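Student: Could you take me through one part of this structure in detail? I would like a close look at a pocket and at the parts of the chain around it.

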Amino acid sequence: MYLDTSMRVLTIGDGDLTFSRSLVSHHGIENLTASVLDSEADLRAKYSENALGDLTEQKIDVVFNLDITDNKTIPASLLGQFDLVIFQFPLIPNFKSQSIFERTKHWGSNGLNRLLLHKFLKNSFTLLLAENGARLAYISSKDVKPYCDWDIENLHKSLPGVRFLGWQQFVLSDFPEYVVRNVDRDKDVKSTAAKSYVWSDKPEQNKSLTLNPSEKHKNNYCALCGNGPFSTDAIIQSHRQSRRHKKLQGYDDNWRRILLEQD
Ligand SMILES: C[S@@+](CC[C@H](N)C(=O)[O-])C[C@H]1O[C@@H](n2cnc3c(N)ncnc32)[C@H](O)[C@@H]1O
């Protein structure tokens with residue numbers, strides 16, 4: 001993950017805060033604000049071991065109850081303040097109420113997770129990133145199903161000016177003392193292959209980042225599955241009849257409906 005010690009960094013949804021602690025203790029990030037969706041009491045109750053004490057000792061600001069999908073929960077003091085906003089292993093939590101479940105269940109888990117990531121990108125670029133900075137947003141996510149079915153590399157497409165710059169392998173051992181946490185339980189998440197995805201609306205300022213392009217964005221590859229290269233129309237047609245492609249097409253159709261409903 002590309003990090004520069006001079007960056008003003010905001011972490012979103014950092015569960016037990018151990019990722020934020022690692023940024024400070026092992027990557028020399030001095031200007032950090034950490035945020036979690038939970039209240040302080042919920043964080044302490046959920047994660048018996050957490051990094052809140054260590055961050056407080058180092059005078060790092062921790063913002064509680066920050067729901068990245070709900071602008072009203074974002075304190076005014078955070079607006080336009082950061083060079084980089086990071087969301088590690090986002091995942092929707094359990095439904096807060098039966099009525100929310102009833103209202104949104106038709107979108108499915110795939111759609112709801114896409115919406116979470118989409119709102120993270122939207123609010124990062126419209127609210128949180130500083131005009132004069134690098135204007136970068138990162139999401140790390142597992143590269144296994146169901147996470148790799150979220151089409152993360154294309155979630156920015158309805159956001160004006162925002163470009164997907166590429167991805168890097170996420171290497172957990174680069175972040176000592178970071179424990180990837182389960183969303184609603186005091187459990188560690190099993191380590192699997194994961195990628196950190198990178199966006200900016202100032203791509204020319206971030207040209208020095210060494211990133212891998214998405215297969216989905218290459219000529220003659222399937223824009224949904226990343227399969228290819230395809231040399232003939234007949235092979236493309238046959239790929240479109242595959243079970244995997246049809247499944248991803250279904251998720252994509254659902255996502256387009258969600259975006260329309262959001263407008
Ligand atoms: C799988 S856990 C990962 C926790 C932590 N980021 C880590 O890497 O260990 C998913 C996290 O996403 C957070 N999250 C889910 N929805 C969110 C939202 N709307 N706003 C902020 N955080 C959210 C959850 O609170 C949870 O901490």
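Student: Where does the second largest pocket lie with respect to domain 1 (9-213) and domain 2 (215-263), and why?

Tutor: Happy to, with the reminder that this is a predicted model. The second largest pocket lies between the two domains, because domain 1 (9-213) and domain 2 (215-263) both give residues to its lining.

Let's begin with the space itself. The second largest pocket holds about 320 Å³. Its lining is made up of 21 residues, and Asp143, Cys148, Glu153, Lys216 and Cys225 are the closest to the centre. Sorted by class, the lining of this pocket has 10 charged, nine nonpolar and two polar residues.

Among secondary-structure elements, β7 (194-200) and α7 (243-262) each supply at least two lining residues. The biggest contribution is from α7, which gives three.

That makes helix α7 worth a closer look. With 20 residues at 1.5 Å a residue, α7 should span 28 Å, and its end C-alpha atoms are 29 Å apart, which agrees. Its buried residues are His245, Leu248, Asp252, Asn254, Trp255 and Ile258. As a reminder for reading such a list, an α-helix has 3.6 residues a turn, so residues three or four places apart point the same way. The partners of the buried residues of α7 are α5 and α6 (233-240), against which they pack.

Asn154 is a good residue to select next. You will find Asn154 in the loop between β5 and β6 (163-169). Asn154 counts as buried because its relative accessibility is 11%, and the cut-off for buried is under 20%. Leaving aside residues up to four places away in sequence, Asn154 touches Lys216, His217 and Ala223. One of these partners, Lys216, is also among the residues closest to the centre of the second largest pocket.

For a contrast, try Lys207, in the loop between β7 and α6. Lys207 has a relative accessibility of 70%, so it counts as exposed. Between Lys207 and Thr18 there are 30 Å in space, C-alpha to C-alpha, and the two are 189 residues apart in sequence.

Thr18 takes us to helix α1 (residues 18-27), where seven of the 10 residues are buried. Those buried residues are Thr18, Phe19, Ser20, Arg21, Ser22, Leu23 and Val24. They pack against the strands β1 (8-12), β2 (31-35) and β4 (84-88), and against helix α3 (52-57). After α1 comes Gly28, with a positive phi near 65°.

Finally, set the largest pocket beside the one you asked about. About 1300 Å³ of space lies in the largest pocket. It is lined by 47 residues, with Leu37, Leu91, Ile92, Pro93 and Leu116 nearest its centre. Two or more lining residues come from each of α2 (40-46), β4, α4 (98-104), α5 (108-128) and β5 (136-142). Helix α5 has the largest share, four residues; α5 is also one of the elements that the buried residues of α7 pack against. By class, the lining of the largest pocket divides into 24 nonpolar, 12 charged and 11 polar residues.

To return to your question, the second largest pocket lies between domain 1 and domain 2, since both give residues to its lining.

Technical notes:
Residues are numbered from 1 along each chain as its sequence is written. This is a predicted model: local features need pLDDT of at least 70, side-chain atom pairs count only at pLDDT 80 or more; totals for chains, interfaces and linings use all residues. Side-chain values use heavy atoms; hydrogens and water are left out. Buried means under 20% relative accessible area, exposed over 50%, partly exposed in between (1.4 Å probe, protein chains only). Contact means heavy atoms within 4.5 Å. On a 1 Å grid over the protein atoms alone, a cavity is a set of points where a 1.4 Å probe fits but cannot get out, and a pocket is an open set with protein on both sides within 12 Å along at least five of seven lines; lining residues have an atom within 4 Å of a point. Grid points are joined across faces, edges and corners, and a volume is the space filled by probe spheres set on the points. Ala, Val, Leu, Ile, Met, Phe, Trp, Tyr, Cys and Pro count as nonpolar, Asp, Glu, Lys and Arg as charged, and the others, Gly among them, as polar. Domain bounds come from an automatic or database domain assignment. The expected span of a helix is 1.5 Å times one less than its number of residues.
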